[in-house]
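User: I am new to this structure and would like to learn how to read its features one at a time. Please give the general idea before each case.

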Amino acid sequence: MKPIQMVDLVGQYQRIKTEVDAAIQRVIDNAAFINGPDVKEFEKELAAYNGSRHVIACANGTDALQIAMMALDLKPGDEVITASFTFVATVEVVGLLGITPVFADVLPGTFNLDPADIERKITPRTKAIVPVHLFGQVADMEPIMAIAKKHGLYVIEDNAQAIGATYTFADGSKRKSGAIGHIASTSFFPSKNLGCYGDGGALFTNDDDLAKKLRRVCNHGSEVRYYHEVVGVNSRLDSLQAAILRIKLPQLDAYNAARNKAAAFYDTAFAGLPAVQVPVRSTRSTHAFHQYTLRVTDGRRDGLKQHLEANGVPAMIYYPVSCHLQRAYKSVRAPEGSLPVTEQLTREVLSLPMSTELDHEQLTHITNTVNSFFA
Ligand SMILES: *Cc1c(COP(=O)(O)O)cnc(C)c1O
């Protein structure tokens, strides 16, 4: 059996090696390392894939969130409602800009923001909502957009984990994740569903005016070189990464299908385990399975993790400490007990290996190892 990793990036590269190597060589031969033609082409191709009017590439997914908030002119004193059960990046950029993060709880099934709790957390200072499409499923965007409209708020989708997922509205219409809010951010960190070979990120919007503002913030606050209209940052996707992403983008649907296939294998194998809840599927969103995350409800999560690791199966806790209890965010921390679902999930979740390259032998070993722990 091939050794099992959380994510097998080498195996994935081997399948596209010829094309990727040629693309990298082409960028080097042309020396168009910054803002080369591959960046523009990739932006267009990703916009077309996603059904978004504009894609603006940038340096990483954390920058993308910060740029979105700068383009919306969010200021110290403004409040942004987001999830605490997420990667810290969302909260970090809010902190960097002096904005106040306000945490809403998540739903125990999908792990995504609870629209009812968002509404409870709105104050006169609230300016934006940042739903995180956690582990590959789109948050319940229809009620979230309705709440935003009612209260005059912006919605920034953190789409770092669900690129390629589709959300269905009550009238049957469909949109890709990242094409629903006013702005969306994503990350091309190597282990993400659409990963590059270094750092990368992008912003999505359907609004022409916001697209202009986002592009300006990315580019030192400038539209005309050496004339700076606003305070900006330097955040670019380099041409090498864009060239690699242009090869991987046409594979994204197949990659997400491979993840779903592994997830279905897991689901079937764990169906009889009373202490294990397999990922609950949203009724509105397809699943991109950035992570396959179990809830272990009998207090044996850490024991299962140790058992897996002792048998050659890596497993990770995403996330062991929620943002509202992190030491770095003391000044904006919410008290322990204030987000009961979030806090319970940090004690119960366990993510199993998930990648496009898991084979039958590996999946069988992983599921047998989980089942033997509870036998
Ligand atoms: C990965 C991730 C980010 C940050 O992306 P980087 O490219 O690593 O900066 C932000 N939010 C979520 C939910 C993520 O998973």
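**Reading salt bridges and sheets**

Analyst: In this predicted model, Glu 142 and Arg 284 meet through their side chains in a salt bridge, with 2.8 Å from N to O. The pair ties together distant parts of the chain: Glu 142 belongs to helix H6 (residues 141–151), while Arg 284 sits in the loop between S10 and S11, 142 residues apart.

User: What is the general idea behind such a pair?

Analyst: Side chains of opposite charge can pair when their charged atoms come close. Here the count comes to 24 salt bridges.

User: Are Glu 142 and Arg 284 buried, exposed or partly exposed, and how is that read?

Analyst: The reading rests on relative accessible area: under 20% is buried, over 50% is exposed, and values in between are partly exposed. Glu 142 has 26% and therefore counts as partly exposed. Arg 284, with 25%, is also partly exposed. Elsewhere, salt bridges that share partners join Arg 26, Asp 38, Glu 45 and Arg 246 into one network.

User: Which residue forms a salt bridge with Lys 17, and how far apart are the closest N and O atoms?

Analyst: The partner of Lys 17 is Asp 21, and their closest N and O atoms are 2.8 Å apart. The two residues are 4 apart in helix H1, so about one helical turn separates them. Lys 17 is partly exposed at 34% relative accessible area, and Asp 21 is partly exposed at 28%.

User: Where do Asp 117 and Arg 120 lie?

Analyst: Both are in helix H5 (residues 115–121), 3 residues apart, which is about one turn of the helix. They form a salt bridge in which the closest N and O atoms are 3.1 Å apart. Asp 117 is buried, with a relative accessible area of 8%, whereas Arg 120 is exposed at 59%.

User: Now the sheets. What holds strands together, and what should I look for?

Analyst: Strands of a sheet pair through backbone hydrogen bonds, either parallel or antiparallel. One open sheet here has 7 strands in the order S1-S9-S8-S5-S4-S2-S3, and its pairing is mixed. Its edge strands are S1 (54–58) and S3 (100–104), each of which pairs on one side only. From one strand to the next, the twist averages 25°.

User: How many bridges join strand S5 to strand S8, and do the two run parallel or antiparallel?

Analyst: There are 3 bridges between S5 (residues 154–158) and S8 (residues 183–187), and the two strands run parallel. As an example of facing residues, Ile 156 stands opposite Ile 183 in S8.

User: What about S2 and S3, and is S3 enclosed or open to the outside?

Analyst: Strand S2 (residues 79–83) pairs with S3 in the parallel sense over 5 bridges. Ala 83 has Ala 104 as its bridge partner in S3. Of the 5 residues of S3, 4 are buried, so this strand is largely enclosed by the rest of the structure.

User: Which strands does helix H3 lie across?

Analyst: Helix H3 (residues 61–71) lies across S1, strand S4 (126–130), S5, S8 and strand S9 (201–205), and runs at about 165° to S8. Helix H6, already met through Glu 142, lies across S4 and S5 and runs at about 150° to S5.

User: What is the order of the sheet with 3 strands?

Analyst: That open sheet has the order S10-S11-S12, with antiparallel pairing. Strand S10 (276–277) and strand S12 (349–352) are at the edges with a single partner strand each, so one side of each has no neighbour in the sheet. S10 is joined to strand S11 (residues 292–296) by 2 bridges, and Val 276 has Val 296 as its bridge partner in S11. Helix H10 (residues 301–310) packs on this sheet and touches S11 and S12, its direction making about 20° with that of S12.

User: Last, the surface. Which residues make the nonpolar patch?

Analyst: Ile 28, Phe 33 and Ile 34 make a nonpolar surface patch of about 260 Å². Ile 28 is found in helix H1 (residues 9–30), and at 40% relative accessibility this residue counts as partly exposed.

Conventions:
Residues numbered from 1 in each chain as written. Predicted model: local features only at pLDDT ≥ 70, side-chain atom pairs only at ≥ 80, totals over all residues. Heavy atoms only, no water. Patch = residues over 30% accessible without salt bridge, like charges linked within 9 Å, V, L, I, M, F, W, Y side chains within 5 Å. Areas by Shrake-Rupley, 256 points an atom, 1.4 Å probe, with all protein chains shown as cover. Salt bridge = Lys/Arg side-chain N within 4 Å of Asp/Glu carboxyl O. Buried < 20%, exposed > 50% of the residue type's maximum accessible area, 1.4 Å probe, protein only. Pairing = 2+ DSSP bridges. Contact = heavy atoms within 4.5 Å. Axes fitted to C-alpha atoms, helices over the stretch in contact; angles between N-to-C directions.
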